[in-house]
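Here is a short briefing on one protein model. Please look over the sequence and the structure before reading on.

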Amino acid sequence: MKKKILCLALFGAMGVAQAAMAQDYDDRWYLDGSAQYNFQDDHRGTQNAPAAEVGFGKYFSPNWSFELNFNYQNPKEVNFVPTPPDAQHWEQYGVELDALYHFRVTDRWNPYMRLGVGWEHDRERYSLFSDVYVPATRTSDNATGVIGLGLERNYGRWGTRFEFGARYDNDNNSVNAPNANHFVDLLASVGVTVAL
């Protein structure tokens, strides 16, 4: 009889511990989106530009979450003469898989670090001649790497994020920057998360 009571008490304690552990973090899927400012690599010869990112993610422990994000930016050129009529120079879009490590300072404030890998499509417009604008386009698909530091503020089901990071683009076929074998763009962003 004592063994049965001891086993029931042990199973009950395990259930309470599991329930307490489940309350340490929200394991629902969430949507994320951010408005970004992309500080373009100087070698591209483009202006800094706004960018956008959307995606979804999930916490797998109190400290780790994973996200799949899609990004887009379309910066204008800086020093092309003569100025082309469309003036859009270097369209970029891509997808990345990110791992976020959350430091969990308090229930509300959550500093984190982002590491990710992905794919980026570069569409570079250029002129076939230096003295007259004859449009041409070069496209390239490249591996990317992302690193960032951020701060998340939790409001329950939703949260806000502030992040600064860098994206490495392994593009080594540029027409306008023939000596560059890669680019590193800096990103500053403000975003939101919404749990589903």
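How many helices and strands does the secondary structure of the protein chain come to? The answer is one helix and eight strands, where helices (H or I, at least four residues) and strands (E, at least two) are DSSP runs numbered from the N terminus. This is a predicted model, in which local features need pLDDT of at least 70, side-chain atom pairs count only at pLDDT 80 or more, and totals for chains, interfaces and linings use all residues. Residues are numbered from 1 along each chain as its sequence is written, and side-chain values use heavy atoms, with hydrogens and water left out.

**Confidence**
- The protein chain has a mean pLDDT of 85 (the predictor's confidence in each residue, from 0 to 100).
- A pLDDT of 70 or more is reached by 82% of its residues.
- Residues 16-23 have pLDDT below 50, and this stretch has zero contacts (heavy atoms within 4.5 Å) beyond near neighbours in sequence.
- Where pLDDT is low, predicted coordinates should not be read in detail.

**Fold and burial**
- From the N terminus on, the elements run α-β-β-β-β-β-β-β-β.
- Of the 196 residues, 39% count as buried (under 20% relative accessible area; exposed is over 50%, partly exposed in between; 1.4 Å probe, protein chains only).
- Among contacts with a separation of 6 or more, 61% join residues 24 or more positions apart.

**Largest pocket**
- The largest pocket has a volume of about 410 Å³.
- On a 1 Å grid over the protein atoms alone, a pocket is an open set of points with protein on both sides within 12 Å along at least five of seven lines; a cavity is a set where a 1.4 Å probe fits but cannot get out; lining residues have an atom within 4 Å of a point.
- Grid points are joined across faces, edges and corners, and a volume is the space filled by probe spheres set on the points.
- Of its 24 lining residues, the closest to the centre are Asp-26, Tyr-59, Arg-104, Asn-154 and Gly-156.
- Strand 6 (135-154), strand 7 (158-169) and strand 8 (183-195) each give two or more residues to this lining.

**Arg-104**
- Arg-104 sits in the loop between strand 4 (90-102) and strand 5 (109-127).
- Its phi is near 50 degrees, a positive value in a residue other than glycine.
- Most residues other than glycine have a negative phi.
- Arg-104 is partly exposed, at 28% relative accessible area.

**Cavities**
- The structure holds two cavities of 30 Å³ or more.
- The largest cavity has a volume of about 190 Å³.
- Residues closest to its centre include Gln-36, Glu-53 and Arg-114.
- Strand 7 gives the largest share of its lining, seven residues.
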